[in-house]
Amino acid sequence: MFNNASNIDASRSNFTENHSDQFNYLYGGVIHGNQSNYTNIYGNQILQNPSETFEPLRKASISTAAFDSAARYPPPICLAGTRMEILNRISSWIEAEGTQPICWLNGPAGSGKSAIAQRVAETYAEKNRLAASFFFSRREMQRSTTQHFFPTLSLQILKKFPSTRQSIAAALDEDDTVPTKFLREQMKKLVLEPLCAMTERPAFPVFIVIDSLDECDNEHLVIELITLLAQLIRESPQPFRLLFASRSESHIQKAFREPSILSMTLFLELVTFDAKEDIRLFMVRAFDGIYKNRHMLMDGVQHPWPPADELERLLQKASGLFIFAATVTKFVDSKHEDPRDRLQIILNDAPSTSGDTTFADIDTLYQDAIRISNNDDLTRRVLGVVRHVSNPLSIRALNIILSRYISTSPAFFRI
């Protein structure tokens, strides 16, 4: 095209050139054979690199929200051999035909929802059947809002199903501010229409994992997000499986109890699945690791440690919460203290006398960690900052703030 030509006015024109094999217009495409690269011309603008079309989408998406993002490492995980009952139940739901397209896994804080969501995402990614994932987090501003949800989903779906690229590119060419529009417009242009236009016919449903929905900062937008995803399922020609994991907050309950969504949803309450033996296995392995790593200090201590009766008392205190088990083992595994002494601090705490014991013992555990701190001034400063900030801070952020007042290092912020 235009061989040896000069003085060409290409304004208000739109054309492409194709050599030999076919060219690939879309982001991520590869040129093969004798193909030439090409130029797209829109109005008076010459776009040399077609991938620039997708730049607004990439800027609006959040790579750290994916299940395998390095920013989430190490992610919460299920210990091998644990949570098998709930994992098998979720797997059966995914594989079943004619079942509800939505599953809401709900449970209290610290019950292991994120670890289960992570395991499911990893399992189906290994099978090449995970279309997308989004793990909300109040610890990261961009992951605590719905604004980046659909752009992130769109970019992941684009990579999973390449034939959606043309529809997404057309939407961005028409209006590159689509990723900043209302959620409804984002869903329609960036996800629904591309899925309707895709030519792949996957053998399995489009599977998406969405974790920690309760950590999104706007309750009304959370309700809207759930509503829009239900609409996506109804209007898309592709079969879906959407796994949500969150606390059972009232606004989330309200969204899933809407009659149009209720019939589409499988409700799994994590508290109905007995986790005691899983927590026992976790503690046994964790304490065994402490025993072996501190073998010189533990010389003469009978193995297995702790003895069965003490382990049983810890399980009683855990009340089915994995976060208690994880916090206990971290607390006991202090590099500066005798693990036997740390364990006795926990065991000697008086049992809770309140009506609700679910979080009473873990509250006591945190109080113990604060009480035995060897730097009272630093502890007060840390707690003061945590108490008054509007959003939770990372360990690194706390260290940066407090280093202006105290000469310290991140090691001070570890139990």
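The questions and answers below concern a predicted model, taken one region at a time.

Me: Is strand β5 largely enclosed by the rest of the structure or open to the outside, and how many of its residues are buried?
Reply: On one side of β5, Val206, Ile208 and Ile210 are buried, and on the other side Phe207, Val209 and Asp211 are buried as well, which leaves both faces covered. In a regular strand the side chains alternate between the two faces of the sheet. Strand β5, spanning residues 206-211, is therefore largely enclosed by the rest of the structure, the number of buried residues being 6 of the 6.

Me: Which residues stand opposite Ile208 in the strands β4 and β6?
Reply: Strand β4 (residues 130-135) runs parallel to β5 and is joined to it by 5 bridges, while β6 (residues 240-246) also runs parallel to β5 and is joined to it by 6 bridges. Within the first of these pairings, Ile208 is the bridge partner of Ala132. Within the pairing with β6, the residue opposite Ile208 is Leu242, so that the two names asked for, given the definition of paired strands, are Ala132 and Leu242.

Me: Through which helix does the chain cross from β5 to β6, and what is the handedness of the crossover?
Reply: The two strands run parallel and are joined by 6 bridges. Between them the chain passes through helix α7 (residues 219-235), and this β-α-β crossover is right-handed.

Me: Is Ser212, in the loop between β5 and α7, buried or exposed?
Reply: Ser212 has a positive phi of about 55 degrees although it is not a glycine, and its place is in the loop between β5 and α7. Its relative accessible area is 7%, which is under the 20% limit, and therefore Ser212 counts as buried.

Me: Is Asn128, in the loop between α3 and β4, buried or exposed?
Reply: Asn128 is another residue other than glycine with a positive phi, here near 60 degrees, and it lies in the loop between α3 (113-126) and β4. Its relative accessibility is 57%, and because the limit is over 50%, Asn128 counts as exposed.

Me: Within what arc do the buried residues of α2 fall, seen down the axis of the helix?
Reply: Helix α2 has 12 residues and reaches 16 Å from its first C-alpha to its last, close to the 16 Å expected. Its buried residues include Ile86, Leu87, Ile90, Trp93 and Ile94, and they pack against β3 (102-106), α3, β5, β6 and β7 (265-269). These buried residues line one face of the helix, because they fall within an arc of 120 degrees.

Me: Where are the cis peptide bonds that involve Pro74 and Pro304?
Reply: Pro74 belongs to the loop between α1 (55-60) and α2 (84-95), and Pro304 to the loop between α10 (276-293) and α11 (308-318). Omega is about -5 degrees for the bond joining Tyr73 and Pro74, and near 5 degrees for the one from His303 to Pro304.

Me: With which side chain does the side chain of Glu140 make a polar contact?
Reply: Glu140 lies in the loop between β4 and α4 (149-160), and its C-alpha is separated by 9.6 Å from that of Ala65, 75 residues apart along the chain. Leaving aside neighbours within four places in sequence, Glu140 is in contact with Ile62 and Thr64. The polar contact, at 2.7 Å, is with the side chain of Thr64.

Terms used: Residues are numbered from 1 along each chain as its sequence is written. This is a predicted model: local features need pLDDT of at least 70, side-chain atom pairs count only at pLDDT 80 or more; totals for chains, interfaces and linings use all residues. Side-chain values use heavy atoms; hydrogens and water are left out. Buried means under 20% relative accessible area, exposed over 50%, partly exposed in between (1.4 Å probe, protein chains only). Helices (H or I, at least four residues) and strands (E, at least two) are DSSP runs, numbered from the N terminus. A crossover is right-handed if, with the strands pointing away from the viewer, the path from the first strand over the helix to the second runs clockwise. The expected span of a helix is 1.5 Å times one less than its number of residues. The arc is that of the directions from the helix axis to the C-beta atoms. Contact means heavy atoms within 4.5 Å. A polar contact is a pair of N or O atoms within 3.5 Å; within protein, one must be able to donate a hydrogen and the other to accept it, and residues adjacent in sequence count only if both atoms are side-chain atoms.
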